[in-house]
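Biologist: Please take one part of this model and go through it closely. I would like to know how its pieces pack, and then how other parts of the chain are built.

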Amino acid sequence: MNLGRYVRRTAGHQPRAEAVVCGPARLTYAELDDHSDRLAGALHGLGLGKGDRVATLAANRAELVVTEVALYKAGMTRVPVNARLGAGEVAHLLRESGARAVLVDAEHLDPVRRALPGTGVKTVVGYDGADGADLSYQDMMSGNAGSPVDVECAEDDIAVLHFTSGSTGVLKAAVQTYGNRLALMRKTVMSADARVGPGDRQILAGPVTHASGMPLMGIFFAGGCAVVLPRWDPEEFLATVERERATHAFLVPTMVNTVLALPTARDHDLSSLRQVIYGAAPMAPQRIRDAWDLFGPVLSQGYGCGETTSGVLFLSTEDHRRAIEGGDEELLLSCGRPLGEAEVAVVAEDGTPVPDGEIGEIAVRGPDVVPGYHGEPELTARSFRDGWFHTGDLARRRSDGYVFIVDRKKDMIVSGGFNIYATEVESVLHRHPGVYEAAVVGVPDERWGEAVKAVVVPRDAASLTEAELVAFCAEHLSRMKKPRSVDFVAALPHNPNGKIDRRALRDRYWAGADRRVN
């Protein structure tokens, strides 16, 4: 197999159709096919071959997309580095991955240079020129004839080392094989909601090195166009929808929140949108209703992770309609039902399924589930058992198959012997009109062990008090679940993937404590 063949096939069918738009850059399918061949050939010219690891570190740009296709064509292993990481984390990724080359933009060249000692990197390629790098991307492209590159790959060859943070905060790499990535393409095009075909244009708003880039090869397989935002800006997102007549978009909840907060949101023509998929973190039901009101009846939700090569549960637009317009309000708390070939179970500690309605851990198996973590045999053994990947997400299953996440195992609060799920409390807080964003963590308490702490970002001009929010929660939650205290902050910490960083938040309150509860 070779994933690049699907780009070449689509280029043969519609060479002049746009494949990639990013800022001023616009590439047709013929150009994407040619540029990726040129880069793949140039990488071979550096002495790199099948299975060699090549890292990328750059903000969103068209060259990142070309690089991904080129590495697939060359049968190499892509090591995407999140552009928000520091030099120490970059050094860790380069060492652990065994990367032999790095392609980097000018903005991130200095941290890459500082990270190189002790790594196996031999060549640094500058997307913006050779200044400070060993080679220029443009020189590599122009110096290669662009002959087709098509290296035969096996299903278990490594396509991507997908680094993600764990409960300890240490970056670990899920080993995504070429077979996993092919399964990702299949599930993208099998779903009527997710398929982006000829004439369709999907906005990818986050870093294409990570979750936002997962749909790329499925888009190219089906013949659509990927509209990549160079950086996130809610006003620019809305302007891009209008200008490009975008039909699809993938957003994380924090992005949706910033769009909803814009007073000018309704000044843009969003009528071209047929599908807005949100995922990567829970979204409060009230925010979902607000988004339905703004974007129209076009919402869907995906649940997945790097270890499952993107989504394995899906809450469709019709599910949203049933929840918002049909009276099944509980569905707004669900992340959906199994998507494509994935099998999803809710299991007890011993791996046996729990009865419907009871809380267990989400476990997944299927062709999109990775074989394990790179260089982490013990972690692999703990997380991958009897063919199932255990996600660490606690959930319950409804009798009709819908799955409802209640919390991460590591985020569960144990207070006075009772299990309290942070996401349940957060969903109530987000229903208060004065709350823009909220996170809930357990903090030290001499009597209860842990107490529920709410950390809240108020909406602009909102006048909130601790007593008001505690009383509001008491109306909707049992006494033991309501926050014992509330802190008001200007912003919550977010990790490089845009999710609220509960670990960093929790650390503020546990610093100096004699005993940690995890």
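Modeller: The account below starts with a pair of helices, follows their contacts into the interior, and then turns to other parts of the chain.

The model is predicted. The pair consists of helix α1, residues 4-13, and helix α2, residues 29-45. Two packed helices are described by the angle between their axes and the distance between the axes. Here the angle is about 145° and the axes are 8 Å apart. The crossing of α1 and α2 has a left-handed sense. On the α1 side the contact is made by V7, R8, T10 and A11, and on the α2 side by Y29, A30, L32, D33 and D37. Sorted by class, this contact between α1 and α2 holds five nonpolar, one polar and three charged residues.

Just before α2 comes strand β2, residues 25-28, which contains T28. Is T28 buried or exposed? The relative accessible area of T28 is 19%. Buried means under 20%, so T28 counts as buried. Leaving out residues up to four places away in sequence, T28 touches P15, R16, A17, E18 and A19.

L32 of α2 leads from the helix pair into the interior. Besides meeting α1, L32 is among the residues with the most contacts inside the largest nonpolar core, together with V20, L39, Y137, M217 and F220. That core has 51 residues, and its largest share, nine residues, is supplied by helix α3, residues 62-74. Which residues does L32 contact, apart from its neighbours within four places in sequence? They are V7, A19, V20, V66, V69 and F220. V7 also appears in the contact of α1 with α2, and A19 also touches T28. A separate core lies apart from this one; it has 36 residues, including L238, M283, W292 and L331.

W292 of that other core also touches H320, a residue of helix α12, which spans 317-324. H320 is buried, with a relative accessible area of 0%. Beyond four places in sequence, the contacts of H320 are Y278, I288, W292, L299, S300, Q301, L315, E325 and L332. Of these, L332 is twelve residues from H320 in sequence, with their C-alpha atoms 6.9 Å apart.

Another of the contacts of H320, Y278, belongs to strand β13, residues 275-279. Five of the five residues of β13 are buried, so this strand is largely enclosed by the rest of the structure. In a regular strand the side chains alternate between the two faces of the sheet. In β13, Q275, I277 and G279 are on one side and V276 and Y278 on the other, and both faces are covered. β13 pairs with β12 in the parallel sense over four bridges, and I277 is the bridge partner of F250.

The loop between α9 (234-244) and β12 (248-251) contains R245. The phi of R245 is positive, about 55°, although R245 is not a glycine. R245 is partly exposed, at 36% relative accessibility. D386 also has a positive phi, near 55°, and is likewise not a glycine. D386 is in the loop between β19 (384-385) and β20 (388-397), and is exposed, with a relative accessible area of 75%. A further positive phi, near 75°, is found at G98, which follows helix α4. In α4, residues 87-97, the buried residues are A87, V90, A91, H92, L93, L94 and S97.

One more sheet deserves a look. Strands of a sheet pair through backbone hydrogen bonds, either parallel or antiparallel. This open sheet has three strands in the order β24-β25-β26, and its pairing is mixed. β24 (435-445) and β26 (485-488) are the edge strands, each with a single partner, so one side of each has no neighbour in the sheet. On average, neighbouring strands here are turned by 25° against each other, direction ignored. β25, residues 449-458, pairs with β26 in the parallel sense over four bridges; one bridge joins A454 to V486 in β26. Helix α14, residues 422-429, packs on this sheet and touches β24 and β25, and its direction makes about 145° with that of β24.

Notes
Residues numbered from 1 in each chain as written. Predicted model: local features only at pLDDT ≥ 70, side-chain atom pairs only at ≥ 80, totals over all residues. Heavy atoms only, no water. Axes fitted to C-alpha atoms, helices over the stretch in contact; angles between N-to-C directions. Helix = DSSP H or I, 4+ residues; strand = E, 2+ residues; numbered from the N terminus. Left-handed = near helix turned anticlockwise from the far one by under 90°. Contact = heavy atoms within 4.5 Å. Nonpolar A, V, L, I, M, F, W, Y, C, P; charged D, E, K, R; others polar. Core = buried A, V, L, I, M, F, W, Y, C linked by side-chain atoms within 4.5 Å. Buried < 20%, exposed > 50% of the residue type's maximum accessible area, 1.4 Å probe, protein only. Pairing = 2+ DSSP bridges.
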